[in-house]
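Here's a walk through one protein model, helix by helix and then residue by residue. Keep the structure open beside you as you read.

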Amino acid sequence: MILAIDLATKTGFALGADSITLSGTQSFAPDKGALPATRFGKFNRWFALMLRSYPDISLVAYEMPHYRGRPATECLVGLATRVQEQCVEAGIRFVSVHSLTLKKFATGSGRADKAAMLVAAVAQWPDKKFADDNDCDACWLWQYAHDNVATPEKRSTNP
């Protein structure tokens, strides 16, 4: 089973074995007046619950963090670190996917915008109602991991 996550304060996720059976978004926004770092505790609890609730997860794919400026970078790198840490502890393989790679996979162009990603997603999954662009990106991450990483001949070596 593959769990794909589009890391952000509002994280998109997609889960499934041969096809996506569950997807959506989860918010890790700090409570009013709380330190921004509280998002990491919220994420840790949610991610650990996902791993416990779906013990067949054998691969986690996530979008590689980009360096967009201090607060956004701290958030994305912090979330990616927590994915890696929990996957290593659980013995689950993980892979990060660059956004340009994902955009090219989904649309044929590494420069595609969010609207183009959604148009391609609606064509790929015509019966799916996407919560937002985070859900959409997570579904594309799932599909990328399914097609390019999860097959036995393309297995990565971590952990």
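Val 119 sits in helix α4; helices here are DSSP runs of H or I with at least four residues, and strands are runs of E with at least two, numbered from the N terminus. With a relative accessible area of 60%, Val 119 is exposed. On that scale, buried is under 20% relative accessible area, exposed is over 50%, and partly exposed is in between, using a 1.4 Å probe and protein chains only. Val 119 and Pro 71 are 48 residues apart along the chain, and their C-alpha atoms are separated by 30 Å.

A quick word on what you're looking at: this is a predicted model, in which local features need pLDDT of at least 70 and side-chain atom pairs count only at pLDDT 80 or more, while totals for chains, interfaces and linings use all residues. Residues are numbered from 1 along each chain as its sequence is written, and side-chain values use heavy atoms, with hydrogens and water left out.

**How α3, α4 and α5 meet**

Start with α4 (residues 114-124) and α5 (residues 133-148): their axes come within 10 Å and cross at roughly 60 degrees. That makes α4 oblique to α5. The axes are lines fitted to C-alpha atoms, for helices over the stretch in contact, and angles run from 0 to 180 degrees between N-to-C directions. Angles under 35 degrees count as roughly parallel, over 145 as roughly antiparallel, 65 to 115 as roughly perpendicular, and the rest as oblique. The crossing of α4 past α5 is left-handed, a label used if the near helix is turned anticlockwise from the far one by less than a right angle (right-handed if clockwise).

Who does the touching? On the α4 side it's Lys 114, Met 117, Leu 118, Ala 120, Ala 121 and Gln 124, and on the α5 side Asp 133, Cys 136, Asp 137, Trp 140 and Gln 143. Contact means heavy atoms within 4.5 Å. Sorted by class, the contact of α4 with α5 has six nonpolar, two polar and three charged residues. For that sorting, Ala, Val, Leu, Ile, Met, Phe, Trp, Tyr, Cys and Pro count as nonpolar, Asp, Glu, Lys and Arg as charged, and the others, Gly among them, as polar.

Next, α3 and α5: their axes come within 10 Å and cross at roughly 85 degrees. The two helices α3 and α5 are therefore roughly perpendicular to each other. Thr 101, Leu 102, Phe 105 and Ala 106 of α3 make this contact with Asp 137, Trp 140, Leu 141, Gln 143, Tyr 144, Asp 147 and Asn 148 of α5. The residues of the α3 contact with α5 split into six nonpolar, three polar and two charged.

That leaves α3 and α4, whose axes come within 9 Å and cross at roughly 45 degrees. That makes α3 oblique to α4, and α3 passes α4 in a left-handed crossing. Here Leu 102, Lys 103, Ala 106 and Thr 107 in α3 meet Ala 116, Met 117 and Ala 120 in α4.

**Some individual residues**

The contacts below don't count residues up to four places away in sequence.

| Residue | Relative accessible area | Touches |
|---|---|---|
| Arg 39 | 13%, buried | Thr 9, Phe 28, Pro 30, Cys 75 |
| Lys 104 | 54%, exposed | Ser 109, Gly 110 |
| Gln 143 | 11%, buried | Phe 105, Gln 124, Trp 125 |
| His 66 | 18%, buried | Thr 73, Leu 76, His 98, Ser 99 |

As for where they sit, Arg 39 lies in helix α1 (residues 38-53), Lys 104 in helix α3 (residues 99-107), and Gln 143 in helix α5. His 66 is in the loop between β4 (59-63) and α2 (70-90). His 66 and His 98 are 32 residues apart along the chain, with their C-alpha atoms separated by 8.6 Å. Lys 104 and Ala 14 are 90 residues apart in sequence and 19 Å apart in space, C-alpha to C-alpha.

**Aromatic rings**

How many aromatic pairs does a search of the whole structure find? The search finds ten. The rings of Trp 125 and Phe 130 have their centres 6.2 Å apart and their planes at 70 degrees, so this pair is edge-to-face. Rings of Phe, Tyr and Trp (its six-membered ring) pair if their centres lie within 6.5 Å; planes under 30 degrees apart count as stacked, over 60 as edge-to-face, and the rest as tilted. Trp 125 and Phe 130 are both buried. Elsewhere, ring pairs link Phe 13, Phe 28, Phe 43, Trp 46 and Phe 47 into a cluster.
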